[in-house]
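Hello,

I am passing a structure over to you, with some notes to go with it. Please have it open in your viewer as you read on.

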Amino acid sequence: MPKRLKNFVLLVASLFFYFVGEPVYSLLMIGSSLSGWAHGLLIEKFRGTKWSKVALISSLVVGFGLLGFFKYSNFFISNINNIFGSEIGLLSIALPIGISFYTFQILSYTIDLYRGDAKVQKNPFDFATYVSLFPQLIAGPIVRYATVQDELEHRTHSFSDIAYGVGRFAIGLGKKIILSNTLAEFGAVLSGLSEKTVLSYWIYAIAFTLQIYFDFSGYSDMAIGLGRVFGFHFLENFNYPYISKSISEFWRRWHMSLGTWFRDYVYIPLGGNRVSKGRWVFNTMVVWMLTGFWHGAEWNFIIWGLYFGIILLLEKFFILKFFDKLPKVLGSIVSHVYTLFLTVMGFVIFNETSLSGVGTAFSAMFGGEGLAFSNAETIYYLRSYVVVIIVAAVLSTPIIKKLGEIIRTKSVGNGIISVLQPVCYIAILALCTASLINGSFNPFIYFRF
């Protein structure tokens, strides 16, 4: 397409993509985009005066107001009813797909513009293109306007970028369809067992921990790949989080776009760590409570966020210091096992739909429900899916990537990989297509956030 029409074509395609899934709420997304664009014009027009700050606050009120109404209204109504015994009726509203992601993107624009870290976008169609870009609209990564502001108007295209993008998309689709969906199938089998065991609870927790990684990182890979095809360089969202040796490191590698958003727009404005120890503890817990609440309007998500907040504080105060005192090899093993254990426990909280469910799961995992450790049924299904578990565990590490890099150092190896790589991509796409045709509907986990 001619340069002047590229954004228009992307905008129309993105609006159609969203309309197919959310016909009515397409108007909400368009309205949110126009609101962000208009507030940006006001912030720039009144720069240096109090009205610029008023415009910023107004954009925050509108953005968080819409997010709060559609995502959290029934949560607050339910809790008010439970506390005061009232009978306020719940609202008959559905959660608009992707509202958490595009709201944060819009607010990153108005905040960065106010701070002077982004340029004002005067073209409403270009701004709407940024907000609605279909590759990452539904489940991220959260793309900040400052990251793509130049590429919105001046981006280049090349066959190498297209090739990289198609390959990255294939990898992401494979993560979702081949690995995540199979792990979800295994989890459904385990949760439906007539006689559950301690081992079945542990296997289910591990399977979900792998499932959510391949589900979410798979979507991010697909978004990054499609973005590259269209000339956008989205930032990475995952960096092999399961090789981490602390929870602090884990959160530097997991959902990085969300972590940096809360760091730059909540944690640092609260004072970050440049405050008293007590205030720093408060800042940390506020950020992690909000991180949990962002994921969903349920108490288990809030507790999940606070759980990690407490662990991060404990690490800062003494756990990491303890690991540093251990011999290097022993410290590496202990810290890695510690991180994986707490991560799995965290995803048990995340996955359960009620606090009672969290309590039951923890109790069962540690033998508190009077369950047998194992039985024939558990072993049978474990044997049926053990290959998938092993493959997923290996692919959640950079082992294959590093092996490929080593092979590429040799000219013969580089030639072999250059031939095999596109063949593998085609095979993955073929397998995924066949699976999608024969399989059932299995949406991305983060669609509901």
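A word on terms before the notes: buried means under 20% relative accessible area, exposed means over 50%, and partly exposed is in between, using a 1.4 Å probe and protein chains only. The model is predicted, so please keep in mind that local features need pLDDT of at least 70 and side-chain atom pairs count only at pLDDT 80 or more, while totals for chains, interfaces and linings use all residues. Residues are numbered from 1 along each chain as its sequence is written, and side-chain values use heavy atoms, with hydrogens and water left out.

Let me start with S132. This serine lies in helix α5, residues 124-132; helices here are DSSP runs of H or I with at least four residues, strands are E runs of at least two, and both are numbered from the N terminus. S132 counts as buried because its relative accessibility is 1%. Leaving aside neighbours within four places in sequence, S132 is in contact (heavy atoms within 4.5 Å) with L11, S14, L15, M29 and L137. The C-alpha atoms of S132 and G98 are 9.8 Å apart, with the two positions 34 residues apart in sequence numbering.

Two of those partners, L15 and M29, come back in the next item, the packing of α1 on α2.

Two packed helices are described by the angle between their axes and the distance between the axes. Here the axes are lines fitted to C-alpha atoms over the stretch in contact, and angles run from 0 to 180 degrees between N-to-C directions. Helix α1 (residues 3-21) packs on helix α2 (residues 25-45) at an angle of about 140°, and their axes are 8 Å apart. That angle makes α1 oblique to α2; under 35 degrees counts as roughly parallel, over 145 as roughly antiparallel, 65 to 115 as roughly perpendicular, and the rest as oblique. From α1, the residues L15, Y18 and F19 meet Y25, S26, M29 and I30 of α2. By class, this contact has six nonpolar residues, one polar and no charged. For the classes, Ala, Val, Leu, Ile, Met, Phe, Trp, Tyr, Cys and Pro count as nonpolar, Asp, Glu, Lys and Arg as charged, and the others, Gly among them, as polar.

The other helix pair is α7 (residues 159-191) with α15 (residues 376-395), at an angle of about 145° and with axes 10 Å apart. Their crossing is left-handed, a label used if the near helix is turned anticlockwise from the far one by less than a right angle, with right-handed for clockwise. On the α7 side, L179, T182, L183, E185, F186 and V189 take part, and they meet Y381, L382, Y385, V388, I389, V391, A392 and L395 in α15. The contact of α7 with α15 divides into twelve nonpolar residues, one polar and one charged.

Helix α7 also holds K176. This lysine counts as buried because its relative accessibility is 2%. Apart from neighbours within four places in sequence, K176 is in contact with N181, F214, D215, N442, P443 and F444.

N283, in helix α11 (residues 277-295), is buried too, with a relative accessible area of 0%. Its contacts, again leaving aside neighbours within four places, are Y267, L270, G271, G272 and V275.

You may want to look at F341 as well, in helix α13 (residues 328-351). F341 counts as partly exposed, at 36% relative accessibility. F341 touches W202 and F366, not counting residues up to four places away in sequence. Its C-alpha atom is 9.5 Å from that of I206, 135 residues away along the chain.

On backbone angles, two residues other than glycine have positive phi values. Y240, with phi near 50°, sits in the loop between α8 (198-229) and α9 (247-253). H255, with phi near 40°, sits in the loop between α9 and α10 (256-267), and H255 is buried at a relative accessible area of 1%.

And how many disulfides does the structure hold? Zero, where a disulfide is a pair of cysteine sulfur atoms within 2.5 Å. For C424, the nearest cysteine sulfur is that of C432, 13 Å away. C424 counts as partly exposed at 42% relative accessibility, whereas C432 is buried at 0% relative accessible area.

Best wishes
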